[in-house]
Each structure stands twice: as C-alpha cells, then as structure tokens.
Amino acid sequence: MSAQGLLAVARAAARAGAAVLAERPLGPTPATRAELGAVTKSSSSDWVTDYDRRAEQAVREVITAYRPNDAISGEEYGHTEPEHPSGYRWSIDPLDGTTNFIRGIAQFCTSVAVEGPAAAGETRWLAGAVVAPALGRTWYASAGGGAFSTVDTPGIPQAELPPASGEPVRLNGPLVGRSGRLLATGFAYAGERRDFQLGALTALMPHFGDVRRIGAAALDLCMVADGTLDAYAEFGIQEHDWAAGALIAEEAGVPVRRPASGDGTHHPDWTVAGVLDPSDPSEPAGQSGPRAQRLLPMPPAGV
C-alpha cells in the first residue's frame, strides 16, 4: 500500500477514536471521575479514562480491518504483533491530553501514525493523522506528500459553513523572522525530571517571547506545523505522543528532532520541532549547531 493509502487508513482510524472522545458529557463544569471512568496510573496527575480505552479499541478496529497483518503499539493496550507480520507498525495515542479532557479543556486529540520499511533494512514514518474533536480540527501528512489541515467545525450544518471551510490547507510551518516567538513545552509527572525540564526551559526562553503549555504533545507539534507556534521542545515523551505530529511538522517543512528511542521512560530524549535559536546560522535546522546543542542538555542518569 502506498503512503497515501496508509494515510487514508490513518485518517479513518483517528476519526474513529475522536468520535469516541466527542461523546464526552458536556456541561458548565468538568465532568466527574465517575462519569469519565477516570483512574490514575503512574502518579496522581497521570490519568486514564474509559474513553482512552474505548477510543483505542475503535482505532485498532479500523486498522485491523484494513491492515490485519500490521503490528500495533498503543498507549493503553500495548504492542500487538500479528501472526504473519507485514513489516508495518502503527503507533497510536487514543487520547493525548487526558487531563485536559477530564477538566473540560478543549485541547485533546486522537493521534495515529504508521511506520514501514525503508532502504537498507531501516524503517521510516509514512503517514500520520491527528484529530481534535473539541477544536474541530484535523492535521495529517504522508511521507513526501506534504502536510495539511482542515477545519471540521463540529455541530454546524455544512450548508451554513463558508464554501472552503472543509477544504484542506497545505501547511508550511511558522513565519520566519516573526517577533514574539512562541515556544511550546510540557512537563513530567516526576519531580526530578520536572525540575530538569524547568531548568532547560529557562535556558531556551531568551530566544522566545513567551511560552505555551498546551497539554498535548501531538497538538503542540501540529501547531508548529501550521505556524500557530514557532517551536516545540520537550524531554522524555513517548513515541505515541510524537509519532504523528513529528511527521506532520516535518512534511510542513519544519526541522524536527525525534528521540533515538520510542521509550521515553527508560531512554528519555528530546523531541523538538522548529528553530530554537534563530541567531545560529551554522545549521539550517537550528537544532544541531553547537549553540543549539547547549540548549538541549541531558540530565543526570536516572532522571
């Protein structure tokens, strides 16, 4: 199957997961833990809900219907290896931004990406889609095919929308040379790693006018791709957090640094999209020059 064919599956799967999230009870105050089936995982701030699980089941059903021999790695149900593996693997986050979802903050999404064979026995990310139902936005990309976004505008009859509202818009990343640059980041649940992240943020801020903490890494990356944000940098996130968003940013022409490992718990690394230090002309990406490297320190072992 071509990258475009895989993208069609990714978009269908992400829409299926987002449709589950869109069933969330709406009201003037946040839904209760009981209404959402919410429990904590690694800490009192690390949540999972019934919607996470149901959304992942919906995503998996779509993928397996089209691609029964592909492996799937999901946040809630782990890794599934088929009896006759195709060499393709899907990475899914059914609900990125669970705390936002619980609190009634609109920045949450379903993220779906797929990697497959490349030259010399390696793999590469081939397609990815991110759907944010409460925002009415979709972002998607395929390898070599560019990155796009649509405004879905839920709850409004199509006849009442401007003619081009649902048309895909090609993404080209942030506006170069813009003043008041915005950096997005996030923080870990564990205290030592959070302290390290705060220290690293202090070193980055002289190159930015302000910082945003959206609460969903996939959306951070997509908003760098569409130019809402100028850069994103976070230490220690998981593959399912960055898989789709990193490809979308990359296909929008944004320089991207992926972690060397998908395991952000035991092998943490930086995920970066965008130029961190625009004053460093040594590297077009602004991420691998000597000055940029000093902006991305590595913590002591075990943090």
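Reader: Is phenylalanine 108 buried or exposed?

Author: This is a predicted model. Phenylalanine 108 sits in the loop between helix 4 (98-103) and strand 6. Its relative accessible area is 6%. Buried means under 20%, so phenylalanine 108 counts as buried.

Reader: Which residues does phenylalanine 108 touch, leaving out those up to four places away in sequence?

Author: Some partners come before it in the chain and others after. Among them are Leu21, Leu95, Asp96, Gly97 and Phe101. The others are Val131, Ala132, Pro133, Ala134 and Leu219.

Reader: How far apart in space are phenylalanine 108 and alanine 217?

Author: Along the sequence, 109 residues separate phenylalanine 108 from alanine 217. In space, go from C-alpha to C-alpha. The distance is 9.5 Å.

Reader: What is the relative accessibility of threonine 110?

Author: Threonine 110 lies in strand 6. Its contacts include Ala14, Gly17, Val59, Asp93 and Val130. Threonine 110 counts as buried, and its relative accessibility is 0%.

Reader: What separates the C-alpha atoms of threonine 110 and alanine 14?

Author: Alanine 14 is among the residues that threonine 110 touches. The two are 96 residues apart along the chain. Their C-alpha atoms are separated by 5.6 Å.

Reader: Which residues touch the most other members of the largest nonpolar core?

Author: In soluble globular proteins, nonpolar side chains tend to be buried together. Here the largest nonpolar core has 35 residues. Those with the most contacts to other members are Val130, Trp139, Leu219 and Ile248.

Reader: Which element gives the most to this core?

Author: Several elements give two or more residues: strand 6 (109-117), strand 7 (123-132), strand 8 (137-142), strand 11 (182-184), helix 6 (217-225) and helix 7. One of them gives eight residues, the most. That element is helix 6.

Reader: How many residues are in the second core?

Author: This core is separate. It includes Leu7, Val62, Val131 and Phe148. Its size is 24 residues.

Reader: Which residues of helix 7 and helix 6 does valine 130 touch?

Author: Take valine 130's contacts beyond four places in sequence. They include Arg137, Thr138 and Trp139. From helix 6 (217-225), they include Ala218, Leu219 and Cys222. From helix 7 (residues 239-251), they include Ala244, Gly245 and Ile248.

Reader: What should helix 7 span, at 1.5 Å a residue?

Author: Helix 7 has 13 residues. The expected span is 1.5 Å times one less than that number. The end C-alpha atoms are 18 Å apart, which agrees with the expected 18 Å.

Reader: Where does helix 7 bend?

Author: The bend is about 25°. The residue there is one of the buried ones in helix 7. It is glycine 245.

Reader: How many residues of helix 7 are buried?

Author: Helix 7 is mostly covered. Its buried residues include Glu239, Trp242, Leu247 and Glu251. Just after the helix, glycine 253 takes a positive phi of about 90°. Within helix 7, the buried count is 12 of 13.

Reader: Where is threonine 185, and what is its relative accessible area?

Author: Threonine 185 is in the loop between strand 11 and helix 5 (191-204). Its contacts include Leu201, Val211, Arg213, Asp220 and Tyr232. Threonine 185 is buried, with a relative accessible area of 7%.

Reader: How far apart in space are threonine 185 and phenylalanine 235?

Author: In sequence, the two are 50 residues apart. From C-alpha to C-alpha, the distance is 8.7 Å.

Reader: What percentage of the protein's residues count as buried?

Author: The protein has eight helices and 15 strands. Its exposed area is about 13600 Å², with 54% from carbon and sulfur atoms. Of its 303 residues, the buried share is 52%.

Reader: Where is confidence lowest and where is it highest?

Author: The average pLDDT is 87, and 87% of the residues score at least 70. Over residues 155-163 the pLDDT is below 50. By element, the lowest mean is 58, in helix 8 (residues 290-294), and the highest is 98, in helix 6.

Technical notes: Residues are numbered from 1 along each chain as its sequence is written. This is a predicted model: local features need pLDDT of at least 70, side-chain atom pairs count only at pLDDT 80 or more; totals for chains, interfaces and linings use all residues. Side-chain values use heavy atoms; hydrogens and water are left out. Helices (H or I, at least four residues) and strands (E, at least two) are DSSP runs, numbered from the N terminus. The bend at a residue is the angle between axes fitted to the seven residues ending there and the seven starting there. Buried means under 20% relative accessible area, exposed over 50%, partly exposed in between (1.4 Å probe, protein chains only). A nonpolar core is a set of buried Ala, Val, Leu, Ile, Met, Phe, Trp, Tyr and Cys residues joined through side-chain atoms within 4.5 Å. Contact means heavy atoms within 4.5 Å. Accessible areas come from the Shrake-Rupley method with a 1.4 Å probe; for residues, only the protein chains shown count as cover. pLDDT is the predictor's confidence in each residue, from 0 to 100.
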